[in-house]
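Welcome! Take a moment to look over the sequence and the 3D view, and then we can walk through a few features together.

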Amino acid sequence: MSTKKYTVITGASSGIGYETAKVFAARGKNLIIVARRLDRLEALKEEISAIDPDVDVVIRAADLSSNDEAIALYESLKDYPIETWVNNAGRGNRGDITDPELPNTLGMIHLNVDAVAILSSLYVRDYKEVEGAQLINVSSIGGYLVVPGATMYVATKFFVSALTEGIDMEMQKGGYKLRAKVLAPATTATEFVQTANDLDEAVDYSQKYTRFSTAEEMAGFLLELYDGDKTVGEMDFATMKIKLSDPKHPHLC
Ligand SMILES: NC(=O)c1ccc[n+]([C@@H]2O[C@H](COP(=O)([O-])OP(=O)(O)OC[C@H]3O[C@@H](n4cnc5c(N)ncnc54)[C@H](OP(=O)(O)O)[C@@H]3O)[C@@H](O)[C@H]2O)c1
């Protein structure tokens, strides 16, 4: 077992995950970065060694839309003490509910729902008694709002928000030490729209949207959520800042 502690970030090869890895590295946190594109993860590792050469960066290539690969990823990390686990990997789907492209949509569900369910529950099982352990799941403002036109995507994010809020309530009720937190971004300039729509070209967010955050800003908001005591960090369109709050979904006490 390594004597160092690590922060796992899935979906670290671009966007919010890439920038989150950098802000955690700037805090001196050792990292385990996960995605499918190895070349991007290697570039990130190099960038991090320029930020702080003492930060240890472990790379894991995994396709998290495969349940087997998600489980194998978790098992491959059993020698690393993990102080924080960030389930950030996620994507939108092509088409809408009237014209479902099932293979594409099911791939999204496997990534946004199955992988988050698998990795959250294994991490909670093993770290619930560990002081300071945090599970941070990246949902969306669509995890709290039905958005016609993106019905299936937001349904996956309702799952992420409800799961994470429920875990945090169970942890507190059971007297466990682990905290579970939800980051709910709004529009953020990343590869998200390009990937969801399978576009060849990068999307220029400043042409397409009047209000959006940068991935760097969102990573800073994730760090605020990490540092705070609240369960939910939701992007507030009025201020374009993060609003920290207690669980938001209706619940039985
Ligand atoms: N951007 C937004 O407007 C927005 C708004 C609300 C919520 N979010 C959420 O924010 C999170 C991060 O997205 P982003 O905006 O930063 O998008 P992004 O730039 O497209 O990043 C997505 C990340 O997920 C990884 N990923 C995708 N499919 C994967 C798979 N099958 N297995 C493993 N990793 C996979 C990608 O890496 P590889 O392709 O290398 O595998 C990439 O690192 C997502 O959960 C998204 O739903 C984004």
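## Strand β9 and its neighbours

Strand β6 (residues 179-184) runs parallel to β9, and three bridges join the two. Keep in mind as you look that this is a predicted model. One contact to find is that of Ala 184, whose bridge partner in β9 is Glu 234.

Strand β9 also pairs with strand β10 (residues 241-245), this time in the antiparallel sense and over five bridges. Here Met 235 has Ile 242 of β10 as its bridge partner. The two pairings of β9 can be set out like this:

| Strands | Sense | Bridges | A bridge pair |
|---|---|---|---|
| β6 and β9 | parallel | three | Ala 184 and Glu 234 |
| β9 and β10 | antiparallel | five | Met 235 and Ile 242 |

β9 and β10 form a hairpin with four residues between the strands, and in this hairpin Met 240 has a positive phi near 55 degrees.

Is strand β9 largely enclosed or largely open? Four of the five residues of β9 (residues 232-236) are buried, so this strand is largely enclosed by the rest of the structure.

## Around the ligand

Now turn to the ligand, which has 30 residues around it. Those that come nearest are Gly 11, Gly 15, Arg 36, Arg 37 and Gly 90. Two elements, α1 (15-26) and α6 (192-196), each give two or more residues to this shell. The largest share, three residues, comes from α1. By type, the shell holds 11 nonpolar, 13 polar and six charged residues.

Definitions and conventions: Residues are numbered from 1 along each chain as its sequence is written. This is a predicted model: local features need pLDDT of at least 70, side-chain atom pairs count only at pLDDT 80 or more; totals for chains, interfaces and linings use all residues. A residue is buried if 20 or more other C-beta atoms lie within 10 Å of its own, exposed if 12 or fewer, and partly exposed in between; C-beta atoms are placed from the backbone. Two strands pair if DSSP finds at least two bridges between them. A residue is near a molecule or strand if its C-beta atom, placed from the backbone, lies within 6 Å of it. Ala, Val, Leu, Ile, Met, Phe, Trp, Tyr, Cys and Pro count as nonpolar, Asp, Glu, Lys and Arg as charged, and the others, Gly among them, as polar.
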